[in-house]
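Thanks for coming. I will go through one model this morning, starting with the nucleic acid and ending with the packing of the protein.

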Amino acid sequence: MVRTRIAPSPTGDPHVGTAYVALFNWMWAKKHGGQFLLRIEDTDQVRSTAESEAAIMRSLRWIGLPWDEGPDIGGPVGPYRQSERTEIYQRHAAQLLETGGAYRCFCTAERLEGVRAAQLAAKTHMKYDGHCRRLPAAEVASRVASGEPHVVRMAFPETGITIVPDQLRGGIEFQNEQIDDQVLQKSDGYPTYHLANVVDDHLMGITDVIRAEEWISSTPKHVRLYEAFGWTCPKFFHLPLLRNADRSKISKRKNPVSLDYYERIGILPEAMRNFLGLLGYSMPNDQEIFDLDEMLQGFDFGRLNLGGPVFDRAKLDWLNGQYIRKMGPAALAERVAATFLTPERLAAIAPLALERVDRLDQFVPLLTYLLGGKLEYTHELLLKLTGRKGAFEWLPGDEATELLRRTAETLDTVRPWSAPTIEATVTALCEQTGWKKGRVLSPVRAAVSARPATPPLFELLEALGGAVTRARLRDAADWIDANPRIE
RNA sequence: GCCCCGUUAGUCUAGUGGUUAGGACGCUGGCCUCUCACGCCGGAGUCAGGGGUUCAAUUCCCCUACGGGGUACCA
């Protein structure tokens, strides 16, 4: 029986990389007639949010990779949310403490920093120096009794090698002395990823761990953890990491990375699935357009290319166009009505239109930028700052791109997404950077609307939504870079 | 710095020792057509470099270069 899982961390927007990894997990489980589960890894109490969790589940449903067990539908090995499993991890940490697989560490952040700095200076590998690993048992007991804060660290073998059997690359060798004594339990009693992940994968019967390449270097810790518990290791498959155009790991700084965004601009879920299946993976006979079933038929990890593929939006658009053409006019009309011109979305922009139209037909041009769509920029729009009495000034291109990108970045954390919170954030950004508000708002307005006049900016941004707003700010900055203004 | 992974055109890829290195996106020329788009036909453009192994290397091995990831009480 093959059981796989997707285990997102609810710390932000639903990520396209999550969908990518989910696709392969789903494929592998279905190919073997097994199960695919969803587990929420919310052990980071500071960054995890309920909204993010809900958004991730919504997007995963949108992309159409149904899970067999999960926090929403339950299952035999729940709960499927790590924050509800704290005692399980504590029990396992305690077990490791007893068997010598782990130890308590009382080191302060300052001491750790000092150790790291020394190691950096010595040009050696960086890891915990094992100070508390050798503390006498009596001292440990008394410090625990006195309530001194501490973490639980894994007692990683200090010599020898650990081999990570990666199903896609073969055995990967690590020198044990290079590997850190990973913190397993934080001082707040919560587990770190490494503990929670291993414990859950075992308890939930996960047989095949299919995850992104960024995890390879921590896999020796996981391998040894399974060993310390006396459990058998699942199979590991490390997928290539999706990349930005510059080949760095895909990130929202350089690419729209949120599934919400793609849904919002009218990418069809079936096209997105197909596109993800084209990244790193390929079908025999050069077939490029295929659905989930076709991909499942003869699915083979041997066909996976290990080089990190660039997420190429132009090809996604082309693919999406193929799907649109194939569906025919009636279905297109239906899909647009059902997913794009929805009552909710029209309702969101209606308040903004109310004072600005005298006839219903005047609502239509508003749709072209309030609902989405590609904008046509000009220098006049983006860079010209008009003053009183026809006076004006040209905003330097590099200053404009800086303003736009910084704003996009700052807006990223705004939650909930509403006019007052957006305004507060932008105002704070201006104060912090010393930028004049008008100098920021003018290019922002142009970037999101491509119009000289719009409804009040923050209400406009609210109606547009975070994903579209950020993408347009970035698009405008890119446009300025690509089209420098000639004096 | 240290460890690990990767490397076929601008991008996604096929290819497992002998091929004119195939397909797709993008770019570009043309056809279709009232325009645009779609569609169709064509074009430019690639095996990172150097050593081996071999009769023969894009394919196997080593080194280098380059790219990426990790190096957290984040996942």
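A residue is taken as near a strand if one of its heavy atoms lies within 4 Å of that strand. By that criterion, 53 residues surround RNA strand B, and K123, K186, L278, G280 and E288 are the closest. Of the atoms of RNA strand B that come within 4 Å of the protein, 79% belong to sugar and phosphate.

This is a predicted model, and here are its confidence figures. The complex has an ipTM of 0.95 and a pTM of 0.93 from the predictor. For chain A, the average pLDDT is 92, and 100% of the residues score at least 70.

Back to the RNA, and some individual atom pairs. R169 has an N or O atom in its side chain 3.0 Å from a sugar or linking oxygen of RNA strand B. Two further pairs involve the bases. A polar side-chain atom of K315 is 3.1 Å from a base nitrogen of the strand. With T124 the protein partner is a backbone N or O atom, and the distance to a base nitrogen of RNA strand B is 3.4 Å.

Which elements give two or more residues to the surface near RNA strand B? They are β4, residues 151-154, β6, residues 170-175, and α11, residues 313-339. Helix α11 provides the largest share, five residues. By residue class, that surface has 20 charged, 18 nonpolar and 15 polar residues.

Now the protein as a whole. Chain A has 487 residues, of which 49% are buried. Its secondary structure amounts to 19 helices and 11 strands, and the C-alpha trace spans about 80 × 55 × 40 Å along its principal axes. If you take contacts between residues at least 6 apart in sequence, 74% of them join residues at least 24 apart.

Next, the cores. In soluble globular proteins, nonpolar side chains tend to be buried together. In this model the largest nonpolar core contains 55 residues, and V16, F24, M272, L276, F301 and F311 have the most contacts inside it. The element that gives the most to this core is helix α1, residues 16-31, with 11 residues. F311 shows what that packing looks like from one position: beyond its neighbours within four places in sequence, its contacts are V16, R243, I250, N255, Y262, M272, F275, L276, L279 and L316. There is also a second, separate core, of 46 residues, with Y377, A419, C430 and L461 among them.

One helix deserves a slide of its own. Helix α6 covers residues 193-203, and nine of its 11 residues are buried. The buried ones run from Y193 and H194 through L195, A196, N197, V198 and V199 to D200 and D201. They pack against two helices, α3 (86-99) and α7 (219-229), and against the strands β1 (3-6), β7 (183-185) and β8 (208-212). Just after α6, G205 adopts a positive phi of about 70°.

Strand β7 brings me to the last residue, Q185, which is found in that strand. Is Q185 buried or exposed? It counts as buried because its relative accessible area is 14%, and the cut-off for buried is under 20%. Setting aside neighbours within four places in sequence, Q185 is in contact with Y89, Q90, A93, V151, V152, Y190 and P191.

That is all I have; questions are welcome.

Key:
Residues numbered from 1 in each chain as written. Chains lettered and ligands numbered in written order. Heavy atoms only, no water. Polar contact = N/O pair within 3.5 Å; in protein donor to acceptor, adjacent residues only side chain to side chain. Helix = DSSP H or I, 4+ residues; strand = E, 2+ residues; numbered from the N terminus. Nonpolar A, V, L, I, M, F, W, Y, C, P; charged D, E, K, R; others polar. pLDDT = per-residue confidence, 0-100. Core = buried A, V, L, I, M, F, W, Y, C linked by side-chain atoms within 4.5 Å. Buried < 20%, exposed > 50% of the residue type's maximum accessible area, 1.4 Å probe, protein only. Contact = heavy atoms within 4.5 Å.
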